[in-house]
Amino acid sequence: MADKDFEAGLGGLDEGPGASATDPEAPFGEAGHAADHPTVAALRERFGEAIQHHVVVAGDEHVVHIPAERNTEILRWLKEDPEQRYLYLSDITAVDFGGGRPLEVVYQLWSMELKRQIRLKAQLPLSALEIDSAVPVWKAADWLEREVFDLFGITFRGHPDLRRIMMPDNYAEGHPLRKDFPLRGRFSRAEQTRRALSMEVEDYYTPEELGIAGDKHRHGQEAGA
Amino acid sequence: MSKRTVEYLVTRNPEMGLDGRPVQAPVVPLEHDPELSGEHMLLNIGPQHPATHGVLRLVVELDGETIVRCIPHIGFLHSSFEKLGEYRTWNQIIPLTDRMDYLAPLIYNCAYAMAVEKLMGVEVTERCKVVRVMLMEMDRVFSHLLWIGTTALDIGAMTVFLYTFQERERVYDLHEALTGARITTSATRIGGMMADLPPGFVQGVRTWIESCRRTLDEVETLLSNNNLWIGRNRDVGAISAEDAIDYGLTGPNLRASGVPYDVRKDRPYYDYETYDFDVPVGEHGDCYDRYLCRMEEMRQSMNIIEQAIERLPDGPINVDDPRLILPGKKDVMTDMASMIHHFKVVMEGVNAPAGESWFGVESSKGELGMYVVSDGGSKPVRWRVRGPSFINISALPKMVEGHLLADVITVNASLDIVLGEIDR
């Protein structure tokens with residue numbers, strides 16, 4: 001007998017977890033007061049209209065929404081301005097709410113000297129998932145952006161080495177952390193197994209690495225065959 | 001914050017040279033032969049190799065024995081925990097967290113519970129706070145013990161591994177007494193703990209601290225002044241303070257470079273500001289300083305555990321909130337309302353208000369950030385883990401370039417990575 005509740009509990013295995021029910025227009029949290037956070041006050045003064053929203057979440061976490069096209073300008077200013085000094089990038093990640101809503105890129109910064117924390121968010125519509133890379137500002141952004149690229153499919157313009165990082169280089173099923181991605185993957189289990197077993201040398205090494213090895217890897221292959 | 005230097009350990013060296021540096025075999029630079037240079041070799045290390053501490057794969061470009069470039073490949077252990085989390089209720093995610101860093105599972109359990117509690121606006125009880133501090137510090141020592149054991153093993157000192165694993169075994173027993181599991185503890189719940197401390201647990205921790213301090217002394221006697229150890233670690237994999245911050249290093253790897261950033265001091269949670277402890281800071285940022293920092297950190301952590309035991313208050317371990325906490329098993333079996341309550345909490349889960357929280361704690365590897373986003377339901381919209389090992393290992397190419405091939409193993413070991421959390 002098919003158990004309806006059990007079936008419902010398995011929902012999303014084949015079509016993704018589904019969209020979030022929150023209001024897409026209103027950002028989370030209460031409206032923040034710039035006076036509570038010196039950095040937000042300085043950002044508002046320096047960038048004016050570019051600071052779209054300022055909200056406070058979970059009691060004391062300040063979140064600033066910025067336009068995606070000005071992200072590196074604002075991030076670089078936060079790092080280099082002598083009054084701010086956000087030298088340490090904690091985290092870059094992305095959030096997908098599903099239902100065709102824009103993806104959010106989240107930057108978590110910490111100023112070691114001033115002991116201040118701030119979170120910046122930039123929204124990217126699904127039709128244009130591109131944003132400037134923060135690698136020129138912080139080296140820590142390198143792998144964090146590769147992870148977001150791999151799992152969400154956001155392209156970071158100017159990233160020196162934008163490759164998949166978690167999934168194999170020849171992975172063709174899409175970007176797993178998107179809401180429309182099914183938990184079991186897009187291909188059948190048989191197809192997934194077939195692809196895993198039929199990987200070539202080119203799937204294990206990047207073209208750059210194979211360039212170092214020259215033609216030697218070809219000889220190795222023939223010897224093994 | 002006291003800025004400790006590492007010099008006092010070096011000056012205890014009985015085999016000190018006239019210039020105050022330890023005596024070690026001179027390194028004779030090889031004469032450069034243009035005939036032999038120019039051809040670079042590609043070497044693949046791992047993923048199945050014990051010295052990579054898991055399934056890390058390194059592709060190195062070699063000029064002779066010198067590293068020209070190192071390219072890490074990760075993802076062999078990727079199980080998409082973050083995606084799995086989107087299908088689970090808030091409490092069901094806890095077992096996923098300790099499978100990330102299985103070397104310090106309780107820190108991950110606690111960090112996740114703290115992030116969700118902050119999102120929900122739940123304040124845990126005083127007893128729960130002290131217990132969690134105690135458990136987190138215990139697992140910090142637990143993780144560092146594995147680090148020193150395996151690092152010494154990589155470099156060729158077998159004995160240390162046996163000494164430290166004996167101490168780890170005692171912590172495994174404490175884990176088992178507390179939760180029934182030795183590695184996958186899943187000890188926390190939103191709003192409290194799975195269970196209160198079992199009888200005799202505190203005494204067990206005291207006994208363990210006593211023997212662990214002796215073991216640490218023995219390990220230091222074996223390593224700190226050991227010529228081979230110094231020769232393999234000193235000035236190897238050094239990274240400057242500016243570079244370390246730029247690459248996002250945290251934890252002992254960052255502090256060895258001289259940056260006194262410790263989340264427990266800079267953004268204290270659970271009253272860490274009221275505990276008396278020092279943050280050891282190195283000077284040179286090399287493997288030897290990372291070793292000294294971790295050794296001292298273990299001693300400081302044991303001091304914190306002792307202070308926590310001193311102040312351990314009585315009272316409930318869980319918050320008094322029926323939305324979060326299950327009713328007692330006896331009530332569930334005898335009382336209809338309690339049974340329905342139990343059923344609803346288990347089957348529907350706990351709802352978190354719409355919002356988000358990014359919460360950082362100091363794990364044994366560095367800053368561990370938990371980012372949870374909720375839309376008001378019983379499952380997260382997004383659960384993100386900022387794993388310290390993931391960021392630390394991304395600085396490996398920078399640290400090993402120009403060093404010898406054998407140093408890759410030393411530097412990789414000194415970073416204290418855990419692949420379960422890098423690949424997630």
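I call a residue buried if 20 or more other C-beta atoms lie within 10 Å of its own. The model I have open is a predicted one.

**Entry 1: helix 5 of chain B.** I started with burial and found helix 5 of chain B mostly covered, with 25 of its 30 residues buried. Then I checked its length. Helix 5 of chain B runs over residues 126-155, so at 1.5 Å a residue it should span 44 Å, and its end C-alpha atoms are indeed 44 Å apart. Just past this helix I noted Gly156(B), with a positive phi of about 120 degrees.

**Entry 2: its partner.** Which helix does helix 5 of chain B cross at roughly 155 degrees? I found helix 12 of chain B (residues 287-311), and the two axes come within 9 Å. Angles over 145 count as roughly antiparallel, so that is how I logged the pair. The crossing is left-handed. On the helix 5 side the contact includes Val133(B), Met134(B), His144(B) and Trp147(B), and on the helix 12 side Met298(B), Ser301(B), Ile305(B) and Arg311(B) are among the residues involved. I sorted the contact by class and got 13 nonpolar, two polar and five charged residues.

**Entry 3: positive phi outside glycine.** Most residues other than glycine have a negative phi. I therefore wrote down two cases that go the other way, Lys115(A) and Ser80(B).

Lys115(A) has a phi near 50 degrees and sits in the loop between strand 5 and strand 6 of chain A. Buried or exposed? Lys115(A) counts as exposed, because I find 11 C-beta neighbours inside 10 Å.

Ser80(B) also has a phi near 50 degrees. Its loop joins strand 3 to helix 2 of chain B. With 18 other C-beta atoms within 10 Å, I put Ser80(B) down as partly exposed.

Conventions: Residues numbered from 1 in each chain as written. Chains lettered and ligands numbered in written order. Predicted model: local features only at pLDDT ≥ 70, side-chain atom pairs only at ≥ 80, totals over all residues. Helix = DSSP H or I, 4+ residues; strand = E, 2+ residues; numbered from the N terminus. Expected span 1.5 Å × (residues − 1). Buried ≥ 20, exposed ≤ 12 C-beta atoms within 10 Å, placed from the backbone. Axes fitted to C-alpha atoms, helices over the stretch in contact; angles between N-to-C directions. Parallel < 35°, antiparallel > 145°, perpendicular 65-115°, else oblique. Left-handed = near helix turned anticlockwise from the far one by under 90°. Contact = placed C-beta atoms within 7 Å. Nonpolar A, V, L, I, M, F, W, Y, C, P; charged D, E, K, R; others polar.
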